[in-house]
Amino acid sequence: MTNRLTTLATCAVILSKSEQAARVLTFQSDETPEGDRHDALQDLVSSNIRLAHKVAKQHIRRGVDFNDLLAQAVEGIVIAAGKFDASKKASFTTYAKQWMRAKCQDCLLYTSDA
């Protein structure tokens, strides 16, 4: 999975703020067909994967695998896609970054306990 994420980062297309908001609305809508919801989420992840790499690198600590941190950062994007409120005029990327950080910090917390 991580190789796929790394490949995705090298060819990622960055979506504009309005395009990301539209993808979030598509993903959140119950009326959207499952395939379209999947595509919208994939677009959001690929658009923010480079940021996920950056956030994961900022949280590298001894004994924690980078791939685990990257997976947690991507999970943060998925959580953000489900919770983002496009009517607030905020940037999805800014919102998602907070979730990426939170998931990476949780990973560090639970890894250090083990």
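# Briefing: charge pairs, core and rings

Both phenylalanine 84 and phenylalanine 92 are buried. They belong to a cluster, linked by ring pairs, that also takes in Tyr95. The model is predicted. It holds 3 salt bridges and 2 aromatic pairs. Its largest nonpolar core has 27 residues.

**Aromatic rings**

- A pair of aromatic rings is described by the distance of the centres and the angle of the planes.
- The count of aromatic pairs is 2. Phenylalanine 84 and phenylalanine 92 form an edge-to-face pair. Their centres are 5.4 Å apart, with 90 degrees between the planes.
- Phenylalanine 84 also pairs with tyrosine 95. This pair is tilted, at 5.6 Å centre to centre and 50 degrees between the planes.
- The tilted pair links distant parts of the chain. Phenylalanine 84 sits in the loop between H4 and H5, and tyrosine 95 in helix H5. They are 11 residues apart.
- Are these two partners buried or exposed? Phenylalanine 84 has 6% relative accessibility and counts as buried. Tyrosine 95 is partly exposed, at 29% relative accessible area.

**The nonpolar core**

- In soluble globular proteins, nonpolar side chains tend to be buried together.
- Which members of the largest nonpolar core touch the most other members? They are Ile49, Ala52, Leu69, Phe92 and Met100.
- H2, H3, H4 and H5 are the elements that give two or more residues to this core. H3 gives the most, with 9 residues.
- Phe92 is thus named both in the core and in the ring cluster. Leaving aside neighbours within four places in sequence, phenylalanine 92 is in contact with Gln20, Val24, Leu44, Asn48, Ile77, Ala80, Ala81 and Phe84.

**Salt bridges**

- Side chains of opposite charge can pair when their charged atoms come close.
- Aspartate 43 forms a salt bridge with arginine 23. The closest N and O atoms are 2.8 Å apart.
- Aspartate 43 lies in helix H3 (residues 34-58) and arginine 23 in helix H2 (residues 17-28), so this bridge ties together parts that are 20 residues apart in sequence.
- Aspartate 43 is partly exposed, with a relative accessible area of 27%. Arginine 23 is also partly exposed, at 25% relative accessibility.
- Glutamate 75 forms a salt bridge with lysine 103, with 3.2 Å between the closest N and O atoms.
- That pair links distant parts of the chain, 28 residues apart. Glutamate 75 is in helix H4 (residues 66-83) and lysine 103 in helix H5 (residues 92-113).
- Glutamate 75 counts as partly exposed at 34% relative accessibility. Lysine 103 is buried, with a relative accessible area of 15%.
- Glutamate 34 forms a salt bridge with arginine 37. Here the closest N and O atoms are 3.6 Å apart.
- How many residues separate glutamate 34 and arginine 37 in helix H3? They are 3 residues apart, so about one helical turn lies between them.
- Glutamate 34 is exposed, with a relative accessible area of 57%.

**A charge over a ring**

- Arginine 37 has a second partner besides glutamate 34. Arginine 37 lies over the face of phenylalanine 27, at 4.9 Å from the ring centre.

Definitions and conventions. Residues are numbered from 1 along each chain as its sequence is written. This is a predicted model: local features need pLDDT of at least 70, side-chain atom pairs count only at pLDDT 80 or more; totals for chains, interfaces and linings use all residues. Side-chain values use heavy atoms; hydrogens and water are left out. A salt bridge is a side-chain nitrogen of Lys or Arg within 4 Å of a carboxyl oxygen of Asp or Glu. Helices (H or I, at least four residues) and strands (E, at least two) are DSSP runs, numbered from the N terminus. Buried means under 20% relative accessible area, exposed over 50%, partly exposed in between (1.4 Å probe, protein chains only). A nonpolar core is a set of buried Ala, Val, Leu, Ile, Met, Phe, Trp, Tyr and Cys residues joined through side-chain atoms within 4.5 Å. Contact means heavy atoms within 4.5 Å. Rings of Phe, Tyr and Trp (its six-membered ring) pair if their centres lie within 6.5 Å; planes under 30 degrees apart count as stacked, over 60 as edge-to-face and the rest as tilted. A charge sits over a ring if NZ of Lys or CZ of Arg is within 6 Å of the ring centre and within 35 degrees of the ring normal.
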